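Biologist: I should like to look closely at one part of this model, namely the surroundings of a bound ligand. Please take me through that part in a connected account.

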Amino acid sequence: MKSALITGINGQDGSYLAELLLEKEYKVYGLLRRKSVVDYGNAEHLVDKIEFIYGDMTDYVSLAKAMKISQADEVYNLAAQSFVATSWEQPIATTQIDALGVTNLLEAIRIIKPEAKFYQASTSEMFGLVQEIPQSESTPFYPRSPYGVAKLYGHWITKNYRESFDVFACSGILFNHESERRGKEFVTRKITDAVARIKLGVQDVLELGNMSAKRDWGHSKDYVKAMWLMLQQEKADDYVVASGDTHEVREFVKLAFEAADIQMEFTGEGINEIGIDKKTGKTLVKVNPKFFRPAEVELLLGDPAKAEQILGWKREISFKELVGRMVQNDIKLVGKELSNI
Ligand code: NAP
Ligand code: F7E
């Protein structure tokens, strides 16, 4: 039986990856942070199937202990302060977790189980102010946020441990991936949650920042398969994982309302742009500059050719299906919330 240690187990990707590995009959260990209230987050339904180990990416001792207990054959580092906007408010914590945390974990592997295979959650945010379109493994990096900068350190230290110590260490440069389990501060889930509330009559307006930003969006369930595939190869390497399509935030909004049977259209420009209900004329979407970022990543579009050719990976859930699944799920969740009041 293979064993795996997943950091960020209670996050979006951690929970989907745990499900995948359990299906493949791995013994799964999950690193969890201690909180004042016990909270397994997205891994709540897996509590009986996973062995949780308390630890923190900023604490080498706890990571060494996690390696000692788990003796993991495969280590997936998904833990991060992952919200880009927060990285300007907490740049030091973001760096300690997303950059130095990776070295802490690589050192724990090197000292305790150097033959363990390692996956690092790198990100398309490292491309930031994009130097070419589409972005591939050879595109130069230009991060635009403390998050992107910290992740770039994590990416290079992973490569460095591969080259210096022969650790089987891979980075997946994953483009945006979302799901029914996405945190509500990220734009997709913020939109689908608001659409559900507007549909059920408990919210009037959705306020957003830059709706012209373009993202290459996929479903997390597809993307965790690529993580696992990377660690099953003969040779450790880095791969871009993306859908190969890009859409404006505005398009996501429109499609989300459509999925809830609300026909809306945009009118006006800049901060005066609004989205109105075609039937009633009511304003459903507004711009609030408070959601603008100090430096924006305007366009992301990945080229997944290498992952498709070498890993045999292909995304299965389309953009439209992703939006539909998130909206329907949020309508169900908000409905439940309201019936409990
Ligand atoms: P997520 O839902 O925000 O999950 C992040 C996880 O990291 C949570 O379990 C969180 O636990 C944990 N964590 C945060 N700080 C920690 C610390 N100091 N020590 C231990 N654990 C800590 O993120 P996700 O969407 O699943 O993403 C997974 C990984 O992929 C992240 O590294 C993210 O940066 C990266 N990534 C994501 C995307 C995407 O589009 N989703 C794209 C590229 C890369 P708490 O609940 O305790 O905070
Ligand atoms: O923003 C714009 C915002 O916060 C997407 C993380 O998983 O993917 C994610 O980072 C876009 C940006 O994700 C709002 O300005 C407009 O252009 O959903 P997001 P992100 O910043 O792309 C990468 C790959 C990661 O690695 C990260 O961990 O949407 N936007 N209005 C807004 N964004 C938010 N959050 N809220 C708004 O109101």
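Biologist: To begin with, which atom of ligand 1 does a polar side-chain atom of Lys35 lie 3.2 Å from?

Modeller: The model is a predicted one. The atom in question is an oxygen atom of ligand 1, and a polar side-chain atom of Lys35 lies 3.2 Å from that oxygen. Two further polar contacts of ligand 1 involve the protein backbone. At Ala80, a polar backbone atom is 3.1 Å from an oxygen atom of ligand 1. At His177, a backbone N or O atom lies 2.9 Å from an oxygen atom of ligand 1. As for how far the ligand is enclosed, ligand 1 exposes 900 Å² when taken alone, and the protein buries 89% of that area.

The shell itself may now be described. There are 24 residues around ligand 1, and those that come nearest are Asn10, Asp13, Arg33, Ser82 and Tyr147. Sorted by class, the shell consists of 9 nonpolar, 9 polar and 6 charged residues. Three elements, α1, β5 (residues 117-123) and α5 (residues 146-165), each supply at least two residues of this shell. Strand β5 gives the largest share, with 3 residues.

Ser82 leads on to the second ligand. This residue is among those nearest to ligand 1, and Ser82 is also listed with Thr123, Lys190, Arg293 and Glu296 as nearest of the 22 residues around ligand 2. A polar backbone atom of Ser82 is 2.6 Å from an oxygen atom of ligand 2. Side chains take part as well: an N or O atom in the side chain of Thr123 is 2.7 Å from an oxygen atom of ligand 2, and a polar side-chain atom of Arg215 lies 2.8 Å from an oxygen atom of this ligand. On its own, ligand 2 has 700 Å² of accessible area, of which the protein covers 95%. The shell around ligand 2 divides into 9 nonpolar, 6 polar and 7 charged residues.

Let us return to the elements that line the site of ligand 1. Helix α1, which supplies at least two residues of that shell, spans residues 12-23 and also meets helix α7 (residues 220-230). The axes of these helices come within 9 Å and cross at roughly 65 degrees, and the crossing is right-handed. On the side of α1, the contact is made by Gln12, Asp13, Tyr16, Leu17, Leu20 and Leu21. On the side of α7, Ser220, Lys221, Val224, Lys225, Met227 and Trp228 take part. This contact has 7 nonpolar, 2 polar and 3 charged residues. Asp13 thus appears in two settings, as one of the residues nearest to ligand 1 and as part of the contact between α1 and α7.

Finally, two loops adjoin these elements. Most residues other than glycine have a negative phi, and most peptide bonds are trans. Glu25, in the loop between α1 and β2 (residues 27-32), has a positive phi, near 65 degrees. In the loop between β5 and α5 is Pro134, and the peptide bond from Ile133 to Pro134 is cis, with omega near -5 degrees.

Conventions
Residues numbered from 1 in each chain as written. Chains lettered and ligands numbered in written order. Predicted model: local features only at pLDDT ≥ 70, side-chain atom pairs only at ≥ 80, totals over all residues. Heavy atoms only, no water. Axes fitted to C-alpha atoms, helices over the stretch in contact; angles between N-to-C directions. Helix = DSSP H or I, 4+ residues; strand = E, 2+ residues; numbered from the N terminus. Left-handed = near helix turned anticlockwise from the far one by under 90°. Contact = heavy atoms within 4.5 Å. Nonpolar A, V, L, I, M, F, W, Y, C, P; charged D, E, K, R; others polar. Near = heavy atom within 4 Å. Polar contact = N/O pair within 3.5 Å; in protein donor to acceptor, adjacent residues only side chain to side chain. Areas by Shrake-Rupley, 256 points an atom, 1.4 Å probe, with all protein chains shown as cover.
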